[in-house]
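Please read the following explanation alongside the coordinates, moving from the overall fold to its individual packing details.

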Amino acid sequence: MPRTAPQFEHATRRARFPAGVLALVTVAAAMLANAAPAFAQRIMKDVPEPVRGLEIVNHTGKTIPLDLQFTDSNGKKITLAALFYKDAGGGAADAPSKRPVIMMMMYFRCPLLCPKTLEEFTRTLSGLDFTIGTEYDAVIVSFDPRDTPADAARFKTGALLDYTKPTTDAIRSGWSFLTGPVENSKALADALGFPYRFHPDSGEFSHGTAIFVLTPDGTISRYLPGIQSTLEFPVRDTRLALVEASQGKLGTTFDRFTLWCYHFDPNAGAYVVQAFRVMQLGAGATAVALATLVGSLLLRERRNRRRVAAPGGPAEYSAGNDPRGGVPARGATARWSMGDVAGQAR
């Protein structure tokens, strides 16, 4: 089957759109990319009116509505609950899948921003040690009601080809591309804090860029807006977000130590080192160094005392009664043997 990867399709679509539309989308994408990490009410004065109010809103800690129904890339109706409760047979069931989920919203007809974002998203997933469908799941949801399951299937095929791990049934099952009715997409976007706006004159959407990491029960754990200039999602931050969302099920001891040292900064949109933790580590290292120094000094002193107290030790001699050249001090008891003296004489 010929490969039609999203990033290649982008060039074809670009040729079909008028220059004015492309300019609008480009400006909107640039402005949104700059505004994405702002996370809330920080609105730049020079942001054009069409893209104002589209900053990602922090809904961390809230649970998305899992009863929303969408259509997957196979044309099958599916609820979000089925993606979070897979261990119970694919439907809304009793136990969650115990795997965190990375979710991203886009629209498949987007000429510029969405294909680029998906490309960077896939690159990040490829850089993770964790595997889709095994340690976590990935869900792409379209907010454009014009998108069809065929569009979703086409983008899924391209993403699987870009994903560097060998494609398995678990990966196919764990990476979902969904389309749905406008009201369900809007409800999901509102729950995630992901605003978007349709422009009837161009037929395009203005929107930001972010990926959302959710816990196995559908609670929003982290937003990752990515790097402004490249739309890249750092692998380290994505890994830490997954470890955090897995509630201790994923990662190594080093990951947990790193999370102890780092915290997520919503303004930066990334994990940053906690100054307090650095001071704690410095204080701990200093305490260990001092304890080691004091311990070694005490040990050395104890050894010296034992040596002095031992028969024939230095305590039996003074500077003036050393048999190896000195004269016994007045009242000192010489305990060296004749052999020692003879040895010195020789």
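Helices (H or I, at least four residues) and strands (E, at least two) are taken here as DSSP runs, numbered from the N terminus. The model is a predicted one, in which local features need pLDDT of at least 70 and side-chain atom pairs count only at pLDDT 80 or more, while totals for chains, interfaces and linings use all residues. Residues are numbered from 1 along each chain as its sequence is written, and side-chain values use heavy atoms, with hydrogens and water left out.

On this basis the secondary structure of the protein chain comes to 11 helices and 11 strands. Of its 346 residues, 45% count as buried, where buried means under 20% relative accessible area, exposed means over 50%, and partly exposed lies in between (1.4 Å probe, protein chains only). Contact means heavy atoms within 4.5 Å, and among the contacts in the protein chain with a separation of 6 or more, 63% are accounted for by residues 24 or more positions apart.

An open sheet offers a convenient place to begin. Five strands form this sheet in the order 5-4-3-8-9, with mixed pairing; two strands are said to pair if DSSP finds at least two bridges between them. Strand 5 and strand 9 are the edge strands, each pairing on one side only. On average, neighbouring strands of the sheet are turned by 20° against each other, with direction ignored; axes are lines fitted to C-alpha atoms, for helices over the stretch in contact, and angles run from 0 to 180 degrees between N-to-C directions.

At one edge, strand 5 (residues 175–178) runs parallel to strand 4 (residues 137–142), and four bridges join the two. Within this pairing, V139 has S176 in strand 5 as its bridge partner. In a regular strand the side chains alternate between the two faces of the sheet. Both faces of strand 5 are covered, with W175 and F177 buried on one side and S176 and L178 buried on the other.

At the other edge, strand 8 and strand 9 pair in the antiparallel sense over four bridges, and V213 has R222 in strand 9 as its bridge partner. Helix 8 packs on the sheet, where it touches strand 3, strand 8 and strand 9, and its direction makes about 175° with that of strand 9. The loop between strand 8 (211–214) and strand 9 (220–224) holds T215, a residue that counts as buried because its relative accessibility is 8%. Leaving aside neighbours within four places in sequence, T215 is in contact with F84, P100, S221, A245 and Q247.

Helix 7 (residues 182–192) also meets the sheet, lying across strand 3 (101–106), strand 4, strand 8 and strand 9 and running at about 120° to strand 3. Its buried residues are N184, S185, L188, A189, A191 and L192. Because these residues cover an arc of only 160° around the axis, they are on the same side of helix 7; the arc is that of the directions from the helix axis to the C-beta atoms. Helix 7 is followed by G193, whose phi is positive, near 80°.

How do helix 8 and helix 9 meet, and at what angle do their axes cross? The axes of helix 8 (residues 235–245) and helix 9 (residues 253–261) come within 10 Å and cross at roughly 100°. That makes helix 8 roughly perpendicular to helix 9, since angles of 65 to 115 degrees count as roughly perpendicular, those under 35 as roughly parallel, those over 145 as roughly antiparallel and the rest as oblique. In the contact, R239, L240, V243 and E244 of helix 8 meet D255, T258 and L259 of helix 9. In helix 9, D255, T258, L259 and C261 are buried, and they lie on the same side of helix 9 because they cover an arc of only 160° around the axis.

The loop between helix 8 and helix 9 contains G251, which is partly exposed, with a relative accessible area of 29%. Not counting residues up to four places away in sequence, G251 touches F130, R239, V243 and R256. The C-alpha atoms of G251 and D129, 122 residues apart along the chain, are separated by 9.5 Å.

Finally, strand 10 (residues 262–265) and strand 11 (residues 270–273) run antiparallel and are joined by four bridges, with V273 in strand 11 as the bridge partner of Y262. The two strands form a hairpin with four residues between them, and G269 in the turn has a positive phi of about 70°.
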